[in-house]
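Reader: I'd enjoy a close look at one chain of this model and how it fits with its partner. Could you start with how much of it is tucked away?

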Amino acid sequence: MNPCETAAVLLADDWQHQLEAPERAGDRLFLRQHLHECAECAAMAGLWQRLGELPEALPSPHQRERFDQMLEAYNAGQAAQRAAAPAPRRVSFFPAWAFHPMPAMAAALLLVAGLAGGWFLRGRSAPAPSSQDQQIAELRDQVTATRQLAVLSLLQQQSASDRLQGVSYGARLSESDPKISDALLHTLKYDASADVRLSALDALQRGALHAPRDSDLQKNLVEAFRYQQSPLVQIALVDSFVELHDQSARALLQRVSTDTAYSPEVRQRAAWGLAQPTWN
Amino acid sequence: MMVAERLRPMVMPAPRSVPPDALAHAGDPDDGLMCAVQNGETQALSSLFERHSGPLLNFFLRNGAPRASAEDLVQDVFVRILKYRATYRPGSRFVTWMYFIARNARLDHLHKRRGEVEWDDVYTPQVEPADRAEAAQDQVLLARALQRLSPEKREILILSRFQELKYEQIGAILGCETGTVKVRVHRAMRELRDQYQQLAQRGVS
């Protein structure tokens, strides 16, 4: 083995700090002497040193926010799944279809409807204003919780058609339920299917039209733009900014209209969006 | 059964040369945090994110990902950590397992975006104004030389130099023996030196 080959083995050990052990003092000395004599090996050793001095990129604070949102959504999804999971059974009383998301949700809604009917009829025969109000409020809470559970559960399903169904149910509730609105926003950002993301955007946009002053939602829609790879969703978002008269999106559209990283169709749409009277 | 099938690709195979407990690392705070995540304390993942999101971001950037994709991939790694937490072996090195996941996430990302050019972007380090002139030029040259390496060579240098993983950990991630990692690191460094010298002779505009 020539000195350079020996040095190559020792250098690889040195890079892992393995030559610092006292019993390897001989190897350390050999390597040091060789690096004084051999320019090629010394260049490689120097390069290793300078590689370690390359500056590192720092994570943006925004990344932390995204993580927190993801964790929150994950925990909410897990809680919903736990609540929706059937209790362990020794004997299967219900048929298997009862545990599929759609029939289960339909059954839950029927149950709630039945309960509502029961409360209503009982309320008519025995009016007791204060307790009746309380019961109705409780019932309303139960209905809301069941619907919320069903939507969150559907949005967690593997199948894109189940998630689409979840978005569709969620669209009816998103205006009044911030949890559903957050879940739809999460779907818009992270769902693997462009169809589901488009559907979530549609649902959020409908909610935003009913609450045009919801600046948080508008800000979140602007933020969701950067998560999108699909030109279809990008164009749909541009359209929603225009429709919602979202002034906070103007800077984004200006940047997108000139940034060649986006497809020509998206740039063109952003330029079109900027030309609309919305901004005046 | 279905869940087990889905998890199978994520279970890290122990290389034959490494005894089962060679990757274990007593007193590793990451291990404690990951065990807490396994036990349903998902908030412990926040501490793991705090400790590792920066190195992970740089892992993806140095492997050629644009900033937005690198941030998405960091997010993806933590989603996968949650999803596949059952496959983590308590007492083993968390970082080795995490980079195994990160590598898979990166390969999946590349596979999905096959044919697109985004990963050809060159990661150029941002140099502080005070460090201009020679140092800045040298760092740009080094970063470009690194990008000119084959993905395999670049990856092994990133894992050993920037992520400061031990050869046996890299072997566990790449599925090869420790001796092989050592040889590959040296070959990658030799090629990096050659690329760097070529660029330096040509000069970078």
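What percentage of the 280 residues in chain A do buried residues make up?

Author: Happy to walk you through it. Buried residues (20 or more other C-beta atoms, placed from the backbone, within 10 Å of their own; exposed means 12 or fewer, partly exposed in between) make up 29% of the 280 residues in chain A. For chain B, 37% of the 205 residues count as buried. This is a predicted model, in which local features need pLDDT of at least 70 and side-chain atom pairs pLDDT 80 or more, while totals for chains, interfaces and linings use all residues. Residues are numbered from 1 along each chain as its sequence is written, and chains are lettered from A and ligands numbered from 1 in the order written.

Let's begin with the overall build. Chain A has 13 helices and zero strands (DSSP runs numbered from the N terminus: H or I of at least four residues for helices, E of at least two for strands). Its pattern along the sequence is therefore written with helix symbols alone, α-α-α-α-α-α-α-α-α-α-α-α-α. In chain A, 58% of the contacts with a separation of 6 or more link residues 24 or more positions apart; a contact puts two C-beta atoms, placed from the backbone, within 7 Å. In chain B, the corresponding share is 71%. Chain B has nine helices and zero strands, running α-α-α-α-α-α-α-α-α from the N terminus on.

Now for helix packing in chain A. Helices α1(A) and α3(A) pack at an angle of about 10 degrees, with their axes 10 Å apart. Axes are lines fitted to C-alpha atoms, for helices over the stretch in contact, and angles between N-to-C directions run from 0 to 180 degrees. That is why α1(A) and α3(A) are roughly parallel to each other (under 35 degrees; over 145 is roughly antiparallel, 65 to 115 roughly perpendicular, the rest oblique). From α1(A), Cys4(A), Ala7(A) and Leu11(A) meet Cys41(A), Met44(A) and Ala45(A) of α3(A). The residues of this contact divide into six nonpolar, no polar and no charged (Ala, Val, Leu, Ile, Met, Phe, Trp, Tyr, Cys and Pro are nonpolar, Asp, Glu, Lys and Arg charged, the others, Gly among them, polar).

Another pair in chain A is helix α7 (residues 160-173) and helix α8 (residues 178-190), which pack at an angle of about 140 degrees, with their axes 10 Å apart. That makes α7(A) oblique to α8(A). Here Arg163(A), Val167(A), Gly170(A) and Leu173(A) in α7(A) meet Ile180(A), Ala183(A), Leu184(A) and Thr187(A) in α8(A). The residues of the contact of α7(A) with α8(A) comprise five nonpolar, two polar and one charged.

Next comes the partner chain. The contact takes 26 residues from chain A and 35 residues from chain B. On the chain A side, α1 (3-14), α3 and α4 (61-84) each supply at least two residues, and α4(A) gives the most, with seven residues. By class, the side of chain A that touches chain B has 18 nonpolar, four polar and four charged residues.

Arg50(A) gives a local view of the two chains together. Arg50(A) is found in helix α3 (residues 39-51) of chain A and touches Asp138(B) and Leu142(B), not counting residues up to four places away in sequence. With 14 other C-beta atoms within 10 Å, Arg50(A) is partly exposed.

Leu11(A) and Leu184(A), already met in the helix contacts, return in the largest nonpolar core. That core has 99 residues, and those with the most contacts inside it are Leu11(A), Val151(A), Leu184(A), Leu204(A), Phe60(B), Val77(B) and Met98(B). A nonpolar core is a set of buried Ala, Val, Leu, Ile, Met, Phe, Trp, Tyr and Cys residues joined through C-beta atoms within 7 Å. Helix α5 (residues 94-112) of chain B gives the most to this core, with nine residues.

One backbone detail in chain A is worth a visit too. His17(A) lies in the loop between α1 and α2 (25-37) of chain A. Although His17(A) is not a glycine, it has a positive phi of about 60 degrees. His17(A) counts as exposed, with 10 C-beta neighbours inside 10 Å. Chain B offers Glu164(B), in the loop between α7 (151-162) and α8 (167-174) of chain B, with a positive phi of about 55 degrees although it is not a glycine. Glu164(B) is partly exposed, with 14 other C-beta atoms within 10 Å.
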